[in-house]
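Please open the model in a viewer and keep the selection panel at hand. The tour below proceeds from one selection to the next.

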Amino acid sequence: MRLLVTGGCGFIASTFLRQALGRAEVERLVNVDALTYSGRRENVRELEGDARFRNVELDICDAEGVERLVREERPDAVINFAAESHVDRSLFAARRFVRTNIEGTLCLLEAARGLQLDSGRQVKFVQVSTDEVYGDLEDDGGAFREDTPLDPRNPYSSTKAGGDLLALAFARTHGLWLVVTRASNNYGARQFPEKLIPLMITNALEDKPLPVYGDGKNVRDWLWVDDHCEGVWAALQRGQAGQVYNFGGASERENITIVKAILAELGKPESLIRFVGDRPGHDRRYAIDFSRATAQLGWRPAMQFEEGLRRTVAWYVENQAWWRPLRDASFEDYYRQHYGRLGLKA
Ligand code: TYD
């Protein structure tokens, strides 16, 4: 199989790339990444010695560049992980989210369609998305299914929903073999330290306050990144064209529980916790029903959350050279501005 993967210098797709090179059926693996603030070349450095692997610095919104690359590489499948993904950033920089998550997806769909027309053979497409497109759940039960109506509540999830709908429309109107995957919150090694778990670990390691939004009782379902990537692979191999597949971690936890577990693991005091006010439009609870993925793909999450969290904490302790440079002046600057705009206490 020849694969073209986007966003491979980021957290989730770099995990997918590492897994993919371990699979004998992968004969070519091309990574397309624009290297924005959250993408890091060193996330794929160890892959670069493999002759099957090619790294291309390219924005998925560059229609001509994408088309040229797709014609040159002639992939059997395009797997679109590239996205702007941080809800807090989307509140004040929504345009960038529209561009990458909608226009960028469109460029890839058009290029895949063009290749399919030219070559007369099927080009598969996996649109990697998020459970956040379903909106928000109450505290008292229920879980997102693939037929739950879309009800995105913030610019990030709205633009992901837009990308998903465009992708599904291309499947219907242009006969692309396409599946959409929707995962719950991922965690693991190499996640950019603006997301809850790595932010809390790295702040704690620097003895900085741990900013908890609202009452800390918002619930997310945590999915080990390797489990997620196995699911994307299973959807590519065994998915039914035109289907959506949910992936969850079967690990619903309140934010405050996670923050306390991180502090305990690091031997740091709970006095570092700061309740800072709430994120505007903060979704209360996400939970995912992944029974379709189990029934059709034979997929289920393997990692137990407390074990995954321990491994994640250990990774950030052992890989300080990876994250310390990220917490530079621009990171500090982002937080200063961000707290001001959100009206949060710093
Ligand atoms: P996040 O990692 O941003 O993912 P998402 O909003 O896409 O689920 O946030 C996870 C949860 O953690 C969410 O309920 C918001 C909360 N949170 C905080 O309490 N403090 C923080 O500094 C951040 C970044 C998130």
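A polar contact is taken here as a pair of N or O atoms within 3.5 Å. The model on display is predicted.

**First stop: the ligand and its polar contacts**

Select the ligand together with Asn 185: an N or O atom in the side chain of Asn 185 is 2.8 Å from an oxygen atom of the ligand. Next add His 282, where a polar side-chain atom lies 2.7 Å from a ligand oxygen atom. For Pro 211, display the backbone, as a backbone N or O atom of Pro 211 is placed 2.8 Å from a nitrogen atom of the ligand. How much of the ligand's 510 Å², exposed when it is taken alone, does the protein bury? The protein buries 97% of that area.

**Second stop: the shell around the ligand**

Extend the selection to the 19 residues around the ligand; those that come nearest are Glu 132, Pro 211, Arg 220, Arg 279 and His 282. Colouring this shell by class shows eight nonpolar, five polar and six charged residues. Then highlight α3 (87–90), α6 (196–205) and β8 (210–213), each of which supplies at least two residues of the shell.

**Third stop: the seven-stranded sheet**

Now switch to a cartoon view and follow the strands in the order β3-β2-β1-β4-β5-β6-β10, which form an open sheet with parallel pairing. Select β3 (53–57) and β10 (244–247) at the edges: each has a single partner strand, so one side of each is left without a neighbour in the sheet. From one strand to the next, the twist averages 20°.

Zoom in on β6 (residues 177–183) and β10, which pair in the parallel sense over four bridges. Within this pairing, select Val 180 and its bridge partner in β10, Val 244. Then show helix α5 (residues 155–174), which lies across β5 (124–130), β6 and β10 and runs at about 160° to β5.

**Fourth stop: the three-stranded sheet**

Select β7, β9 and β11, which form an open sheet in the order β7-β9-β11 with mixed pairing. Why do β7 (185–187) and β11 (252–254) each have one side without a neighbour in the sheet? Both stand at the edges with a single partner strand each, so one side is left free of a neighbour in the sheet. Direction ignored, neighbouring strands of this sheet are turned by 50° against each other on average.

Strand β9 (residues 219–224) runs parallel to β7, and three bridges join the two. Return here to Asn 185, which stands opposite Trp 222 in β9; the side chain of Asn 185 also provides the 2.8 Å approach to a ligand oxygen atom. Finally, display helix α7 (residues 225–238), which lies across β7 and β9 at about 70° to β9.

Note on methods. Residues numbered from 1 in each chain as written. Predicted model: local features only at pLDDT ≥ 70, side-chain atom pairs only at ≥ 80, totals over all residues. Heavy atoms only, no water. Near = heavy atom within 4 Å. Polar contact = N/O pair within 3.5 Å; in protein donor to acceptor, adjacent residues only side chain to side chain. Areas by Shrake-Rupley, 256 points an atom, 1.4 Å probe, with all protein chains shown as cover. Nonpolar A, V, L, I, M, F, W, Y, C, P; charged D, E, K, R; others polar. Pairing = 2+ DSSP bridges. Axes fitted to C-alpha atoms, helices over the stretch in contact; angles between N-to-C directions. Contact = heavy atoms within 4.5 Å.
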